[in-house]
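Thank you all for coming; I would like to walk through a few strands and a few single residues with you. Please have the sequence and the picture open while I talk.

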Amino acid sequence: MKIKFLPALVGLFLTTSTFTSCLDTEVTEMTYSSDSSIKSFSLGTLKIKVLGNSSHGIADSAYIDTMSMGDYPFTIDQINRTIENKDSLPVGTDISKVITKITADSNYILYGKKTSADGEPTDTLWTSTDSIDFSFGPLQFQVTAYDLSKGRPYTVKINVHTQDPDSLIWHSVYDTHTFTTDLTEQKAIYKDNKIYVFGIANGAPTLQYTTISYNSDFSGAVPGAWKEMETPLPQNTDPYSATLWNNEIYFLAQSKLYKLTTNGYEEIQVANATEGFSQLISGHNTTLYARKANTEKTFTSLTVSNGAYSCTDDGDGSAPIIFPATAQPFSAVTVPASHNNTLYRTIVMSSGETASEKPGIVCSRLSSDNSWITYTQPDTLSCPNITNPTMIYYNKKLYAFGGASKASDGTHEAFALLYSSTDNGLSWDNIAIHETFAKPTEDDKTFTERYAETQSYSCTVDEHNFIWIIWGDGSMSRGRINHLGFAPKW
């Protein structure tokens, strides 16, 4: 970049010498600095296009707002002479009229002004009131030192998100990957790049699995063809009992505990469990919670040490908790406690036992306790009563969805709403924008229509934050909130 203001520099940086005389003449020379670095760079208030509900209640109306961008830090690489923001500005930010704040070793800063993407930059003297156009790509800034030497130019880039970071985007491109026979009573589990689906096909239990292939940057994922486990599952396997614990998949059949292996499965002998189990719920690294067979409310805690399994009943067995009957869908998650990561909270959701009940049922248990509690809240805060519910821990909150639901504002179709909770299931709200079950652009069917075809589905979340919904015929939908897939720039 050529500097065209050298005559001005002479006047600006005119050097002077100081002469003093006391008997002998002494001359003091002042040496001007050759430093030419930019020390800080920040932005002012910018315009941003926002989508939201208008004053007339119209959804996804666009309007222009302003937002201070001073809190977005810019990283200055003094070796490579680059400046850019690691955290991108919000989607819709207008960077064609940018006010900048710069501190440097001198106040004489030039930048290459551009009027088109492929146009030749014009040297322009920077001032703090300039409205600079960054929409045509990075610009070069150059500091002239006080000794009139020119510093190496900096390349300044302003990063802006091209996607709404909070939007949940779905893809349904897996219609060719279907089961041989539709499944009912599904339960899906992700483990080691595979999705396992337990279910019932033609009245018999079955286990299907598919291997997921990811892009190198995990921006996309594609499932392989479904395969059936060669070794048939035991008779009367309960698909809803399938549970991931300590990176192993466990399930129940005729009250007995089994573990999935590379060659099929093996029965697990558990000390102090002569009656066996009717449900596996969820667990953390040391404990798996279960309900004992032939009981209403007696729960037990399974543990394993050196390959030996044992269980201990909880208290007197009178925990005030209502779970659905065996072989009925429920959903459970275990997450670290927010106040202490050595503690874990297990949360369970199930439907109300009668159709007239509005609220669903949410129960909770802390790993340091030996009993369960059932949340009861007013209708406006309670968990909606969702048939065939799914609850996942995702994006640092709980999400719930599934079949038709009843909430304080009425009855909704299957997959019409996505509910969320930020307080471990104590209160719930439906999400109106961003994180919704919008129909994927590749699909000619809505989620409601897909569910209506088989009245069956299952769901799991993989380690790369993809949500997988497996429909009754084996076709799949994949979703992820945009910001959970953003790759770090450094």
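In strand β22, it is Ile 268 that serves as the bridge partner of Leu 257. Before I go further, please keep in mind that we are looking at a predicted model. The pair I have just named belongs to a set of five bridges that join β21 to β22, which covers residues 264-268, and these two strands run antiparallel. If you follow the chain from β21 into β22, you will find that a hairpin joins them through two residues.

Now let us step back along the chain, to what comes before β21. Strand β20, residues 248-253, is joined by four bridges to β21, residues 256-261, and here too the strands run antiparallel. On this side Ala 253 stands opposite Lys 256 of β21. What lies between β20 and β21? Two residues separate them in a hairpin, and one residue in the turn, Gln 254, has a positive phi of about 50 degrees.

Let me turn to another part of the model, where six strands make up an open sheet with mixed pairing, and where the order, if you read across, is β6-β7-β12-β11-β9-β10. At the edges we find β6, residues 74-77, and β10, residues 122-125, each of which pairs on one side only. On average, neighbouring strands of this sheet are turned by 25 degrees against each other, if we ignore direction.

Staying with the edge strand β10, we can look at its pairing with β9, residues 109-113: the two run antiparallel and are joined by four bridges. Within this part of the sheet, Leu 110 stands opposite Leu 125 in β10.

The loop that leads from β8, residues 100-104, to β9 contains Tyr 108. Is Tyr 108 buried or exposed? Its relative accessibility is 6%, and because buried means under 20%, Tyr 108 counts as buried. Tyr 108 also shows how the chain can bring separated positions together, since Thr 144 is 36 residues away in sequence, while the C-alpha atoms of the two are 5.8 Å apart in space.

My last residue is His 412, which has its place in strand β36, residues 410-412. With a relative accessibility of 18%, His 412 also falls under the 20% cut-off, and so it counts as buried. Which residues does His 412 touch, if we leave out those up to four places away in sequence? They are Ala 404, Ser 405, Leu 417 and Tyr 419.

Key. Residues numbered from 1 in each chain as written. Predicted model: local features only at pLDDT ≥ 70, side-chain atom pairs only at ≥ 80, totals over all residues. Heavy atoms only, no water. Pairing = 2+ DSSP bridges. Axes fitted to C-alpha atoms, helices over the stretch in contact; angles between N-to-C directions. Buried < 20%, exposed > 50% of the residue type's maximum accessible area, 1.4 Å probe, protein only. Contact = heavy atoms within 4.5 Å.
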